[in-house]
Amino acid sequence: MTKDSSGILPSFITTAILFSSLLIYVSSTKLSATPPTVCIIGSGIGGSSVAHFLRKYSNSGLNDAQIGEIRIFERHGVVGGRMATITIGGETFEAGASILHPKNYHALDFSRLLNLTIKKPPSSTCGISLGIWNGQEFVFKTINSDSEHWIIQSLVSFANSMKMFFRYGLSLFSMNNFVKELLGNFLKYYKPFEFRPAFETVEEMLKWAELYNLTQRTLAEELVDSGVSERLIQELVTVITRVNYGQSVSISGLAGAVSLAGSGGGLWSIKEGNWQMAAGLINHSNVLLHLNEEINSLSHFGDFYELNSTKGESYTCHITVIATPLDELNINFRPGISIPKRTLQHTHTTFVRGLVNPNYFGLNRVSDVPELVGTTETLDVPFSSISVLKQHNKEDVTYKIFSREPMSEALLDHIFSVRNETIRIDWGAYPHYHAPEKFAPIILDHQNLYYLNAFESAASSMETSAVAAENIARLILLRLSRQGLSSAGDLKSSADDPSELHLDL
């Protein structure tokens, strides 16, 4: 007699379904417990700093949020972004971001962490000689001295200080106070976490540090209100903004103030190139680096982002950080994003190894040409500045020229009597600043797509990029905590008021 199996089959199916459901539950639990992956587009100081701070804070005990795999995509063959070096005549010089301020505390921390050697400008009591050229004549020129005797150097330095004071007067002190106030407010970004929230918008970040109003007016307007004379603004201040940002005193006040701070004393750089900070941070942060790989499309699919590269590769990650200016990139976003229109200020950097022609400046001897020739805002001047990088001997000097347009061969032959080697670089160096500034969102899609260079519309420098990167790293970890992956710890946000939250939790 055959045994009846009509009751066994339904029981078997039910058991199989329950077992499959259990497997799916266990699998999904493991997936949700896996630390989220992060993709960073751009390997400059911003992108490398985001990776560094994510690793530092997620493993520090400050919070329970953890970060899994980090990938960095760089479209060029080397890391560093706008930090780069060139070699001319067998010697290496900074071609991009060149100087750091003594109060750039993140950069100082990076250099110590990575055991990088700090390089300071050659010490001289006299300092470098300066001339302000208006296209026809030097409206101001310091005294030159080849003497290495300390007494002569001290006398020349005193004479130049008096010469500058007689021309610009007490306005020099007013300008110095303006910069001091900026630095005092900027230092708030280094406060401990319990006194400093993580910011979800650039506006919040600037208002908290009392810097927002500087982005809504021009540098010239701010300086006039601070008691700075028109002569100082149109001459010395204009030289500084043209050298540091390639723009006039009509730039927004915060960018201009950062430019002025970059002309002070105690400036430094990294021996053999500032790009080593980015390279070191990437190596130190356990990152998967993709060189020569440009991302051309970025799509959001619920819990993850899909990034497609020009190599035909596809990558998925839970969080994406764009750490490069979007202004001249062609990334196809799905769904689309909305950011204010912004143009980049291109700086054409020309390196010449040879000898300047003193006749171009109406002078008789090469030694009479200042080591730094700055220029006023006039159509008669085809360059922003010419500076001596290194004097190899009296007949062999390496120069660096900044200009808004490419320097033609004929023009270079007019400015230089000897040219043994010439190198040209075109940098999309920084935003074209204008007041009032408008800012892109830090969180581009209210999800997990972040834009580090939104802060660059306030000011552009290596340190401001590091400050923006540190904020984004904290914001990522805070929002992960809020989404239920872990407890928030000490990472508080500027949007702690529920009425101000605009997150998809």
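Biologist: Is Asn-292 buried, partly exposed or exposed?

Modeller: In this predicted model, Asn-292 sits in the loop between strand 9 (287-290) and strand 10 (295-301). Its relative accessible area is 46%. Buried needs under 20% and exposed needs over 50%, so with 46% Asn-292 comes out as partly exposed.

Biologist: And what is the phi of Glu-210, and where does Glu-210 lie?

Modeller: Most residues other than glycine have a negative phi. Glu-210 isn't a glycine, yet its phi is positive, at about 60°. Glu-210 counts as exposed at 56% relative accessibility, and it lies in the loop between helix 6 and helix 7.

Biologist: Which residue does a cis peptide bond join to Ala-435?

Modeller: Most peptide bonds are trans. Here omega is about -5°, and the bond is cis. The partner is found in the loop between strand 19 (416-431) and strand 20 (449-451): it's Pro-436.

Biologist: How many residues of helix 9 are buried?

Modeller: Helix 9 covers residues 253-261 and is mostly covered. Its buried residues, among them Leu-254, Val-258 and Leu-260, pack against helix 5 (171-186), helix 6 (202-208), helix 7 (219-225) and helix 8 (230-245). The count is nine of nine.

Biologist: What accessible area does the nonpolar patch with Ile-151 have?

Modeller: Ile-151 is in helix 4 (residues 150-168) and is partly exposed at 39% relative accessible area. A patch residue needs over 30%, so Ile-151 clears that cut-off. Trp-150, Ile-152 and Leu-155 join Ile-151 in the patch, and together they have about 420 Å².

Methods:
Residues numbered from 1 in each chain as written. Predicted model: local features only at pLDDT ≥ 70, side-chain atom pairs only at ≥ 80, totals over all residues. Heavy atoms only, no water. Patch = residues over 30% accessible without salt bridge, like charges linked within 9 Å, V, L, I, M, F, W, Y side chains within 5 Å. Areas by Shrake-Rupley, 256 points an atom, 1.4 Å probe, with all protein chains shown as cover. Salt bridge = Lys/Arg side-chain N within 4 Å of Asp/Glu carboxyl O. Helix = DSSP H or I, 4+ residues; strand = E, 2+ residues; numbered from the N terminus. Buried < 20%, exposed > 50% of the residue type's maximum accessible area, 1.4 Å probe, protein only. Contact = heavy atoms within 4.5 Å.
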